[in-house]
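Me: I'm new to this one. Can you walk me through a few spots in it?

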Amino acid sequence: MAKVIAIANQKGGVGKTTTAVNVAASMAATKRKVLLIDLDPQGNATMASGVDKYEAEATTFELLIEEKPIDDVIIKNTSAKYDLIAANGDVTAAEIKLMEMFAREVRLRNALQPVKDYYDFVFIDCPPSLNQLTVNALAAADSVLVPMQCEYYALEGLTALMDTIQKLASVVNPELKIEGVLRTMYDPRNRLANDVSEQLKRHFGEQVYRTVIPRNVRLAEAPSFSMPAMYYDKSSSGAKAYLALAGEILRRREKTLQPAKVS
């Protein structure tokens, strides 16, 4: 059964969509079956996957609001080598309409059930706010991956985010866990970045990924060519970092799936 990972941070500009697209592509490159769900009305993950958001016949709006079967909404085998449920401006209306609907928090969870046995991983790119769309993602997810920059106030903001996630989880998804904290746009020459990184490791311990995503021009350029970094420049430090992250996620999963030793 698929492991469902929501990629969330209420702060914008932390590399959330970049992480969603590139970790999905990297995981697909390991021959895993991957579905990326774009829940952000900006549709940036859709465009970066090689799909024109303006021409998408169905989006997460049709999935959540019109209850269109998920097989009819999924765009199969994009140029990024994973399947996609697209988003565009229509998804803005979904948040408003969700407020009026019965069992609004679990509509994504219910919609995913028919395909969970088909995929190895489902990644959800959340909007940069804690709205009804994000709540749906957290209700559907097994865990949350939190990208963040190592900058001033980051720790305080992250602590508040973790607290919010835990409170939401207690209401909509008691099984929800923190998948990991990912340091993005990292510059080792920056003293503040190094200081915040050390504080992160002290505060969150093994929840902080060993993999660090560097500040990399190729990562920033790739979306304008509608592709993940590994297809734009596979030798770039950004592409290599996301491949390493995929490997780390796989190792963590294998470790949790191993049966306990009998003493």
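Reply: Sure, we can take the two biggest pockets and then two asparagines. Keep in mind that this is a predicted model.

Me: Pockets, then. How much space lies in the largest pocket?
Reply: About 840 Å³. It is lined by 32 residues, and the closest to its centre are Ile178, Glu179, Arg252, Arg253 and Thr256.

Me: Which elements give two or more residues to that lining?
Reply: Helix H7 (132-140), strand S6 (177-186), strand S7 and helix H12 (237-257). The largest share comes from H12, with 7 residues.

Me: And how do the lining residues of the largest pocket divide into nonpolar, polar and charged?
Reply: There are 16 charged, 10 nonpolar and 6 polar residues.

Me: Next pocket. What volume does the second largest one have?
Reply: About 480 Å³. Its lining has 29 residues, and Gly15, Lys16, Thr17, Thr18 and Met185 are the closest to its centre.

Me: Which element gives the most to the lining of the second largest pocket?
Reply: H1 does, with 5 residues. Helix H1 (16-29), helix H2 (44-48), S6, S7 and H10 each supply at least two.

Me: What is the make-up of that lining by class?
Reply: For the second largest pocket, the classes are 15 nonpolar, 10 polar and 4 charged residues.

Me: Now the asparagines. Where does asparagine 216 lie?
Reply: In the loop between strand S7 (208-214) and helix H10 (217-221).

Me: Is asparagine 216 buried or exposed, and why?
Reply: Buried, because its relative accessibility is 16% and the cut-off for buried is under 20%.

Me: What does its side chain reach?
Reply: The side chain of asparagine 216 reaches the backbone nitrogen of leucine 219 at 3.1 Å. A polar contact of 3.0 Å also joins the side chains of asparagine 216 and serine 237.

Me: Leaving aside neighbours within four places in sequence, what is asparagine 216 in contact with?
Reply: Ser236, Ser237 and Gly238.

Me: And asparagine 190, where is that?
Reply: Asparagine 190 lies in the loop between S6 and helix H9 (191-204). Its side chain reaches the backbone nitrogen of alanine 193 at 3.1 Å.

Me: Why does asparagine 190 count as partly exposed?
Reply: Because its relative accessible area is 36%, and partly exposed runs between 20% and 50%.

Me: One last thing. What separation do the C-alpha atoms of asparagine 190 and glutamine 166 have?
Reply: They are separated by 32 Å, and the two residues are 24 residues apart along the chain.

Note on methods:
Residues are numbered from 1 along each chain as its sequence is written. This is a predicted model: local features need pLDDT of at least 70, side-chain atom pairs count only at pLDDT 80 or more; totals for chains, interfaces and linings use all residues. Side-chain values use heavy atoms; hydrogens and water are left out. Helices (H or I, at least four residues) and strands (E, at least two) are DSSP runs, numbered from the N terminus. Buried means under 20% relative accessible area, exposed over 50%, partly exposed in between (1.4 Å probe, protein chains only). A polar contact is a pair of N or O atoms within 3.5 Å; within protein, one must be able to donate a hydrogen and the other to accept it, and residues adjacent in sequence count only if both atoms are side-chain atoms. Contact means heavy atoms within 4.5 Å. On a 1 Å grid over the protein atoms alone, a cavity is a set of points where a 1.4 Å probe fits but cannot get out, and a pocket is an open set with protein on both sides within 12 Å along at least five of seven lines; lining residues have an atom within 4 Å of a point. Grid points are joined across faces, edges and corners, and a volume is the space filled by probe spheres set on the points. Ala, Val, Leu, Ile, Met, Phe, Trp, Tyr, Cys and Pro count as nonpolar, Asp, Glu, Lys and Arg as charged, and the others, Gly among them, as polar.
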